[in-house]
Structures are given as structure tokens and as C-alpha cells.
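I set out to look up how the copies in this model are related and how they meet. My entries follow.

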Number of protein chains: 2
Amino acid sequence: MALPGPIDPPHRLLMGPGPISAYPSVLRAMAAPLVGQYDPFMTATMAETQELFRGVWNTSNEATLLVDGTSRAGIEAALVSLVRPGDRVLVPVFGRFGHLLAEIAERAMAEVHIIETAWGQVFPVSAIEEAIVRVKPALLALVQGDTSTTMNQPLDEVGAVCAKHGVLFYADATASLGGNAFEADAWGLDAATAGLQKCLGGPSGSSPVTLSERAVEVIRSRGRVEAGIREAGDASSADFVRSNYFDLGMILDYWGPRRLNHHTEATSMLYGARECARLLLEEGRDAVIARHRRAGKAMLAGVQALGLGVFGDLAHKMNNVVAVEIPDGVPGDAARAALLEDFGIEIGTSFGPLHGRVWRIGTMGYNARRDAVLSTLAALEAVLRRFGVAVPNGGGVEAAADLYRGA
Amino acid sequence: MALPGPIDPPHRLLMGPGPISAYPSVLRAMAAPLVGQYDPFMTATMAETQELFRGVWNTSNEATLLVDGTSRAGIEAALVSLVRPGDRVLVPVFGRFGHLLAEIAERAMAEVHIIETAWGQVFPVSAIEEAIVRVKPALLALVQGDTSTTMNQPLDEVGAVCAKHGVLFYADATASLGGNAFEADAWGLDAATAGLQKCLGGPSGSSPVTLSERAVEVIRSRGRVEAGIREAGDASSADFVRSNYFDLGMILDYWGPRRLNHHTEATSMLYGARECARLLLEEGRDAVIARHRRAGKAMLAGVQALGLGVFGDLAHKMNNVVAVEIPDGVPGDAARAALLEDFGIEIGTSFGPLHGRVWRIGTMGYNARRDAVLSTLAALEAVLRRFGVAVPNGGGVEAAADLYRGA
């Protein structure tokens with residue numbers, strides 16, 4: 001092929017279920033010059049980033065750090081480090097990403113038990129407790145916000161149930177963190193992981209993780225220092241984690257005071273993650289959640305005012321994404337393509353039982369903004385009309401603008 | 001803590017064994033706006049990046065892609081995808097990173113056999129063949145350039161030996177790729193992995209991988225589509241890869257025409273990796289290697305002209321790093337700190353048997369440059385003098401400059 005030029009992406013307003021457009025200052029942080037792996041500036045930046053993410057997670061967990069990979073790298077690191085082969089893991093599944101937790105736990109050779117509820121619903125805590133009593137798992141793995149259904153599983157009472165039954169409690173907050181309440185300590189989480197590319201407003205490629213002291217004890221009991229840097233006195237467990245890259249014990253030793261060499265920290269992703277957390281705390285954690293709530297309500301009002309149906313139990317919808325029923329006769333993918341080509345706006349398709357039935361429209365991170373919401377609704381109205389749908393003129397935009405005006 | 005400001009790293013000239021200062025245009029690429037995961041621009045950029053890396057690797061392998069993680073993520077993906085629990089793996093160890101390959105293969109539950117040679121040496125192909133005949137491994141895992149010793153293991157005859165004995169041949173080219181010859185096809189590699197943060201001149205966090213057809217067959221025989229997106233007709237092997245994130249079969253389905261959802265590609269790291277490869281091909285693969293060779297020779301001449309000893313078999317030294325013996329009486333870490341604090345120049349410490357005995361000085365990627373070499377030598381001379389070493393005035397700089405002038 002002829003050698004291409006430097007990267008020059010087209011303008012996009014990313015209003016799907018994620019990834020979404022990053023905050024401009026996060027992109028600027030990504031371009032900051034590199035420093036060495038053990039430069040005092042680097043280790044200070046790592047420590048600073050840990051402290052910032054304690055604020056994001058609402059936790060005092062010392063073991064708060066980043067895994068160098070996408071959000072699913074964080075999930076796998078948590079599960080493979082906490083779950084021994086043969087351990088029972090309970091996964092309540094209410095959408096695609098519950099299946100993913102089960103899949104990753106199966107790959108880690110756990111004995112996986114799932115309970116399922118219909119797409120568009122969440123679990124009452126009683127159903128989770130019943131299953132815990134029946135299955136007696138070592139760990140409960142639960143998605144908070146599942147973008148495949150837009151549902152936000154309440155977690156606030158689950159930690160107490162887990163503690164009562166001696167079960168480790170892990171939550172995947174990839175799609176929800178930053179745009180919906182998350183209280184790692186108050187809700188009794190032992191482990192939680194996320195990504196940057198949803199409500200945190202950064203690029204995919206770094207996974208924030210937080211671990212309770214109890215989780216760290218489990219991980220430490222499986223400790224093993226790698227041969228190349230092992231010293232006398234470094235014990236090695238026969239029950240070691242079946243991954244080097246995802247062994248959170250080693251990653252903790254790298255982020256901790258011992259600074260034991262493991263991977264080479266992905267410096268640019270660290271800079272980006274730090275800026276995501278910094279922006280969130282600068283605006284204020286509750287203010288950011290409120291901004292997501294407002295944008296989500298405005299988008300919901302807008303699509304409903306366009307006459308479109310909405311999927312799922314709205315009482316448990318995440319703030320940051322809505323599943324909009326595709327009107328009869330409208331070719332869903334062609335309409336999405338028209339939005340992208342004519343307006344530079346991306347909305348999302350869907351998975352599994354919802355495939356072809358709904359579009360998923362996100363309002364998250366940088367794009368949980370009034371102008372992003374109104375522009376998307378205006379463009380959607382135009383595209384729906386082009387495909388022959390009778391939509392009220394301007395109704396979607398006005399309903400959303402009314403909500404922003406507090407009407 | 002008080003909320004910190006945006007990231008603002010100090011100026012650094014990174015002349016250690018990596019990570020090194022990124023090319024400015026790579027940093028610019030990191031800041032490019034994001035697009036959606038299945039945006040036509042995104043999938044075209046992924047395909048373009050694959051083609052660019054075929055040029056970097058010297059291969060026509062269709063299965064050429066990135067793993068979203070640091071270089072060790074690429075290593076683990078290759079090993080866990082190619083090696084079944086119980087498979088025999090042979091690792092010739094000539095430095096720290098051979099131990100790492102053994103460690104990662106052990107975590108993947110392989111039966112690992114190692115052969116060792118003294119630090120500062122490489123293996124003759126005959127020693128590797130003898131061990132293959134004795135061990136009968138399923139896979140040979142071999143580091144090309146091991147920065148811990150600065151040695152560059154010749155690989156050109158190893159592929160034929162592996163093919164003769166029916167052994168898969170994997171090489172870790174993290175520290176060598178781009179600065180030293182690497183011929184994936186001509187040398188008979190079945191799998192090779194690297195990182196961006198060495199001779200490719202980018203940030204850590206993306207791992208280029210290339211796989212032969214034979215390797216892809218092995219990986220495909222272990223295929224499993226995850227539950228959340230499985231369709232009728234998707235077979236699932238009982239012998240599945242013990243990792244979801246590192247299952248190269250799934251990653252191939254994401255990068256390939258089926259575009260099956262797996263992780264969300266780390267867009268900014270993709271942009272950076274693409275620019276690393278693009279720059280290398282724009283300058284010319286052989287020209288870049290020659291630039292590394294020249295910078296390496298100049299740095300070697302410079303430190304020798306300063307009267308410093310050099311560790312290891314110079315006939316097999318990598319172009320991009322040299323291990324310099326710390327003169328008697330000089331506190332190695334204090335001297336490195338002085339270089340960093342007074343000159344903003346970073347050189348490297350060392351591991352294991354060389355710890356406290358040598359500094360490692362790199363000349364790689366963007367910093368395989370005349371001004372970087374001469375500035376480092378000038379600063380090193382000043383620091384050595386401060387610590388009481390009798391060094392010839394200007395000798396290091398002049399020897400290196402002479403080499404650049406072709407004297």
C-alpha cells in the first residue's frame with residue numbers, strides 16, 4: 001500500500017453506549033511527554049492517580065490502581081486474582097455483560113453458577129441472597145450498569161448480604177462509574193473495576209481497580225514473585241494466580257512502596273486516566289452524576305416526545321444510556337449510518353435479544369452536555385422523517401430543552 | 001489532598017533501556033479525537049495498522065495485530081493461546097526476560113524446561129537444537145534482545161531447526177524490534193510479540209503481535225465464542241484458552257472480517273502504534289536499523305573513550321543498548337540521580353547479577369540521534385568527574401562525534 005499520512009480522524013459526536021468522545025483535556029494529557037518508569041515524577045504521578053481514583057470510587061482502599069488494558073482486562077485481573085480454580089462463583093445475569101463475567105470466571109476455571117432475569121429488569125436483593133444461600137459461592141460477581149439493557153443494578157444492600165454469608169463481592173462498574181452513584185466502601189465492595197471510555201470520558205485502554213483489605217488478603221495468600229527478580233525471603237504460593245499480567249499481587253507490588261518491576265506502566269494511559277479522575281473531582285463527584293442524570297432525563301424526554309418507545313424498567317435505567325425502540329419499517333442500521341454520514345453523530349446498535357429492536361443512545365462523560373443532547377435529537381428527528389416516520393416537528397428538541405430549562 | 005493541576009511532566013531525555021522518549025508525532029497521534037468502535041474510519045485504521053506492522057515485522061502474516069496491554073500482555077497472549085496446560089515449553093535463558101517467558105509459561109500451566117547461558121552471552125543454534133531434541137517441546141520461547149544483558153540472540157537459523165523438529169517458534173522482540181534486524185517470515189517465526197516503548201518510539205501500552213498460519217491453526221483449534229455473543233454454529237473447544245482477554249482467537253475475530261465484539265479497542269494506543277509503524281516505514285526499515293546501529297556504535301565508542309568498561313559479548317550486543325561498568329568508588333544510583341536532576345537525562349540501573357555493577361544506556365527510537373548521544377556523553381563525563389573519576393576531557397563526546405563523522 002502507499003504509506004498513509006498521520007492519523008486524522010473525522011469529526012464525530014459519539015452518542016452511543018461507549019466509547020464516547022473524550023474530554024479535550026484528557027486528549028491533551030495523552031500527548032504529554034513521557035518520563036522514565038521510576039522517575040520521581042512518574043512514581044509521584046502514580047501515587048497521585050491512586051489518590052484521585054479513591055475519590056472517584058468513594059473509598060479509602062489503599063489498593064486502588066490501574067490495570068494496563070481495557071475494562072475487560074480489569075475484570076479478568078480481579079477474577080483471576082480472587083478466584084481459585086474450582087471456586088464457586090455466582091453471577092446474576094441481566095444482560096450481555098453478566099455473561100461476560102461468567103465467561104471470564106469459567107476461563108479462570110471457576111465453578112460458575114448463574115441466575116438470570118429478563119432483559120430490561122434488575123434483581124431484587126432477596127433473589128441474590130437466595131442464590132447465595134443455595135450456591136454458597138466464594139465470590140459474587142455482579143455488573144452494576146449493563147449497557148446491553150441500560151439497566152443499573154442496585155448494589156447498596158448487596159455488600160451486607162455478602163458479608164453476612166462470607167462471600168467476596170465484586171462489581172463491574174465499567175459502564176456506570178462516574179455517571180451513577182458508586183460507593184465502594186459504604187456498599188461493602190471487595191473489588192470493583194471500570195474503564196475510562198464511558199462516563200469517565202477517556203479513551204479505552206486503562207482499567208481503574210479498587211480492592212478492599214479482605215480482597216488484598218486473598219490475593220496476598222496466592223503471592224509469587226517472578227523468578228527474574230525473586231529475592232531470598234520471597235515466599236511463593238503453590239496456589240499462584242494463573243496469569244502473570246493479571247496477578248494483582250504483583251501489580252500491587254509495582255504500585256506500592258516496594259516498586260517491584262512488573263510491566264512497564266503505560267504512561268500515556270496513566271496520564272489520561274489521571275486527567276479523567278481529576279476532571280471528575282474538579283467538577284465534583286455529585287455534580288458530575290447530576291449532570292449525567294439531567295442529560296439522561298433530557299434524552300429520554302426527547303425520544304419519548306418524538307413518539308419513540310423506550311425499552312426496560314425506567315425506574316432502574318442508568319443515567320447515561322437509553323434503549324430506544326426502532327420504529328416499525330425503519331431499517332435500524334441504515335438510519336444509524338445516515339446519522340453518522342450526514343451529521344457525524346454515532347448512536348449504538350444492540351446485542352442478543354435486542355438486536356435490531358433498539359438503538360442505544362448514550363449521554364456520558366464529556367457528551368453528557370445540553371448541546372450534545374439537543375444536536376442528537378435534532379439529527380434523529382431529521383433522519384426518522386427521511387425514513388418515513390411521522391415525527392412531531394421539533395418536539396424532541398423542545399422536550400429536552402424544557403427539561404434543561406427546568407420546565 | 002489538594003486537587004492537582006493538569007499533567008505537566010518535566011523535560012527528560014530518556015537514555016535508559018526503555019521506556020524512551022516518544023517521537024513527537026507519536027505523542028500528537030495520541031491526542032487525536034476518538035471515533036466509535038465500529039466506525040468505518042476505525043475499522044479502516046485497524047486494517048491499515050495491521051498492514052503497517054506487516055512491514056515492521058517483515059511478514060505477510062494475515063494475523064498481524066495489536067494486543068491492548070504492555071509488551072508483557074503480548075507475551076502472555078501468545079503463550080497462553082499457543083500452549084496447552086501440560087505442554088512442554090523450552091526457554092533458553094540468557095537474561096532476565098528469559099526468566100519472564102518461563103514464568104509466564106509456568107502460569108499458563110506448561111511444563112517448562114530452561115537452558116541457561118552466562119549473562120553477557122547468547123546461545124549457539126546447536127545448543128538450542130540439542131535441547132529441543134532432548135526436551136521435545138511443543139514450543140520454543142526465545143527472547144531476541146534482552147536488555148538486562150544487552151545481548152541480541154541470533155534467530156536466523158532457529159526457525160529451520162524448529163520446523164525440522166515440529167516445534168512452534170515464538171520470539172519476544174520487545175526490546176529489539178525496529179532497532180535490529182527482524183525477519184518474521186524469512187526466519188520462520190510462528191509468533192512474535194513486541195512493545196512500542198523501545199526502538200519503535202512510542203508509549204508502553206500496546207503490544208504488536210504477528211502469527212504464522214500454523215500458529216493460527218493451533219489457536220483456532222482451541223476456539224470458543226463467548227456466551228453473550230455466541231451464535232448457532234459457533235463450535236466451542238473443551239480445550240479453550242484459560243483467558244478471555246488474551247485469547248488470540250477471539251482477538252483475531254475482532255480484528256478480522258467478522259469484527260466480533262471482544263474488548264473495546266484502545267483507540268489512542270492504536271493511533272500511537274500506527275504512527276510508530278508509519279514513521280518507521282517512512283524513514284525505511286533498514287535506514288532505521290542503520291540509525292540505531294550508528295547511535296549504538298557512537299555511544300559504545302564514547303563510553304570506551306571515557307575509559308569505562310563495557311559488559312558482555314560485543315559481537316552480539318543489541319544496537320540500542322550498552323551495559324557500562326560503573327567505575328570503582330562511584331555510587332551508581334547517586335550518579336544516575338545527578339544525571340537526572342542536573343541534566344534531565346535518564347540512564348538505567350540493572351537487574352540480578354549485574355545490579356550495582358553496570359548502568360544501561362540506551363540509544364533507541366527517537367533518541368537514536370546524534371544530539372542525544374553527544375549530550376548524554378557530555379553530561380556523563382561531567383558527572384563522573386564530580387564523583388572523582390579521572391576522565392579524559394571531551395574524549396567521550398569526540399569519539400562519538402568522530403564515529404558520526406565517519407572517521
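Entry 1, symmetry. I found that chain B is superposed on chain A by a rotation of 180 degrees with 0.0 Å of shift along its axis (RMSD 0.0 Å). This is the relation of a two-fold axis. The fit is by least squares on the C-alpha atoms of residues with pLDDT of at least 70 in both copies.

Entry 2, basis. I note that the model is predicted: local features need pLDDT of at least 70, side-chain atom pairs count only at pLDDT 80 or more, and totals for chains, interfaces and linings use all residues. Residues are numbered from 1 along each chain as its sequence is written, while chains are lettered from A and ligands numbered from 1 in the order in which they are written.

Entry 3, interface. I looked up the contact (C-beta atoms, placed from the backbone, within 7 Å) and found 72 residues from chain B and 72 residues from chain A. Helix 9 of chain B gives the most to the side that touches chain A, with 9 residues. Of the interface residues of chain B, 100% are also interface residues in chain A, so the copies meet through the same surface.

Entry 4, chain A. I recorded 13 helices and 13 strands in chain A; these are DSSP runs, helices being H or I of at least four residues and strands E of at least two, numbered from the N terminus. I also noted that the C-alpha atoms of chain A fill a box of roughly 75 × 55 × 45 Å, taken along the principal axes.

How values were computed. Two residues are in contact if their C-beta atoms, placed from the backbone, lie within 7 Å.
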